[in-house]
Amino acid sequence: MPQPEGAELEAVRARRAALKEKYLRPVGDRPATTVRGVHHLALVARDVEETIKFYQDLLGFPLVELVENRDYQGSSHFFFDIGNRNLLGFFDFPGHDHPDYSETIGAVQHLALSTSAEEFAATRKRLDEAGITYLGPDRGVDNSLYIRDPNGVGIEFYCEELGLFEGEPLLSS
């Protein structure tokens, strides 16, 4: 996808700066959020077993539930533990012909998961051993690596504490 250049790039940057000035409040001056957090993110799986093998066997996210979807007969709804009391959920929809992943409005660009330095190294080793290609440290970003799951979902392993971005706190507590 072509990136903006010249005057177009400067206009994009100016718009971002104006939005930041208008809406971004300092950490100590923000109101409390109105929710408790993410219960689960629900994505669509092409193949239930392939998705389970990828997340549980390769990435080490325990499968914690596998039930029939209450809104669509025959559809599975299943969840993985991704730490900190957060769940990653999937549905499959037998009989639906779904197109391959496309980076478009409303799509998940990627899911960034916080990891320790030790687990970051272990994940990289498992991916190497499984022959799974990734982006990240090779692009000059030493604390991130990016993969796509069997469904096309982008996953980032981010070696950073929760609530921080590039070492800077984004949250007050």
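A residue is called buried when its relative accessible area is under 20%, exposed when that area is over 50%, and partly exposed in between. By this scale K53, with a relative accessibility of 46%, counts as partly exposed. K53 belongs to helix α2, and this helix serves below as one of the points from which the predicted model is described.

The protein as a whole contains three helices and nine strands, and the order of its elements from the N terminus is α-β-α-β-β-β-β-α-β-β-β-β. Along the principal axes, the C-alpha atoms occupy a box of roughly 50 × 40 × 35 Å. Of the 173 residues in the protein, 26% are buried, and the accessible surface comes to about 12300 Å², with carbon and sulfur atoms contributing 52% of this area. Among contacts with a separation of 6 or more, 48% are made by residues that lie 24 or more positions apart. The protein carries 17 positive and 29 negative charges, and the mean positions of these two sets are 7 Å apart. According to the UniProt record, an unreviewed entry, residues 37–160 are covered by the annotation "domain: VOC". Over this range the chain is 20% helix and 29% strand, and the C-alpha atoms at its two ends are separated by 19 Å.

Helix α2 spans residues 48–58, and its buried residues are V48, T51, I52, F54, Y55 and L58. In an α-helix there are 3.6 residues to a turn, so residues three or four places apart point the same way. The buried residues of α2 are covered by elements that include the strands β2 (63–68), β3 (76–81), β4 (87–91), β6 (144–148) and β7 (154–158), together with helix α3 (117–130). K53, by contrast, is partly exposed, because its relative accessibility of 46% falls between the limits of 20% and 50%. The C-alpha atom of K53 is 23 Å from that of A107, a residue 54 positions away along the chain. At the start of α2, a side-chain oxygen of D47 comes to within 3.1 Å of the backbone nitrogen of E49, while after the helix there follows G60, with a positive phi near 85 degrees.

Strands β2 and β3, both among the elements that cover the buried residues of α2, are also linked to one another through individual residues. V67 is located in strand β2 and counts as partly exposed, at 35% relative accessibility. When residues up to four places away in sequence are set aside, V67 touches S75, S76 and H77. The C-alpha atoms of V67 and F78, which are eleven residues apart along the chain, are separated by 6.3 Å. H77 is placed in strand β3 and is buried, because its relative accessible area of 13% is under the limit of 20%. With residues up to four places away in sequence again left out, the contacts of H77 are with H40, E65, L66, V67, N69, F90 and F91.

The loop between β3 and β4 holds N84 as well as R85. Phi of N84 is positive, at about 55 degrees, although this residue is not a glycine, and R85, likewise a residue other than glycine, has a positive phi near 65 degrees. N84 counts as exposed at 59% relative accessibility, and R85 counts as exposed at 83%.

A further set of contacts involves Y101, which is found in the loop between β4 and β5 (111–114). At 28% relative accessibility Y101 counts as partly exposed. Not counting residues up to four places away in sequence, Y101 touches A107, V108, Q109, R148, N151 and G152. For V108, the backbone oxygen lies 3.2 Å from a polar atom of the Y101 side chain. For G152, the C-alpha atom is 5.2 Å from that of Y101, although the two residues are 51 positions apart in sequence. A107, one of the residues touched by Y101, is also the residue whose C-alpha atom lies 23 Å from that of K53 in helix α2.

How values were computed
Residues are numbered from 1 along each chain as its sequence is written. This is a predicted model: local features need pLDDT of at least 70, side-chain atom pairs count only at pLDDT 80 or more; totals for chains, interfaces and linings use all residues. Side-chain values use heavy atoms; hydrogens and water are left out. Buried means under 20% relative accessible area, exposed over 50%, partly exposed in between (1.4 Å probe, protein chains only). Helices (H or I, at least four residues) and strands (E, at least two) are DSSP runs, numbered from the N terminus. Contact means heavy atoms within 4.5 Å. A polar contact is a pair of N or O atoms within 3.5 Å; within protein, one must be able to donate a hydrogen and the other to accept it, and residues adjacent in sequence count only if both atoms are side-chain atoms. Accessible areas come from the Shrake-Rupley method with a 1.4 Å probe; for residues, only the protein chains shown count as cover. Lys and Arg count as positive and Asp and Glu as negative; His and the chain ends are not counted. The place of a charge is taken as NZ of Lys, CZ of Arg, CG of Asp or CD of Glu. UniProt positions are given in the numbering used here, feature names are shortened, and annotations may be inferred rather than shown by experiment.
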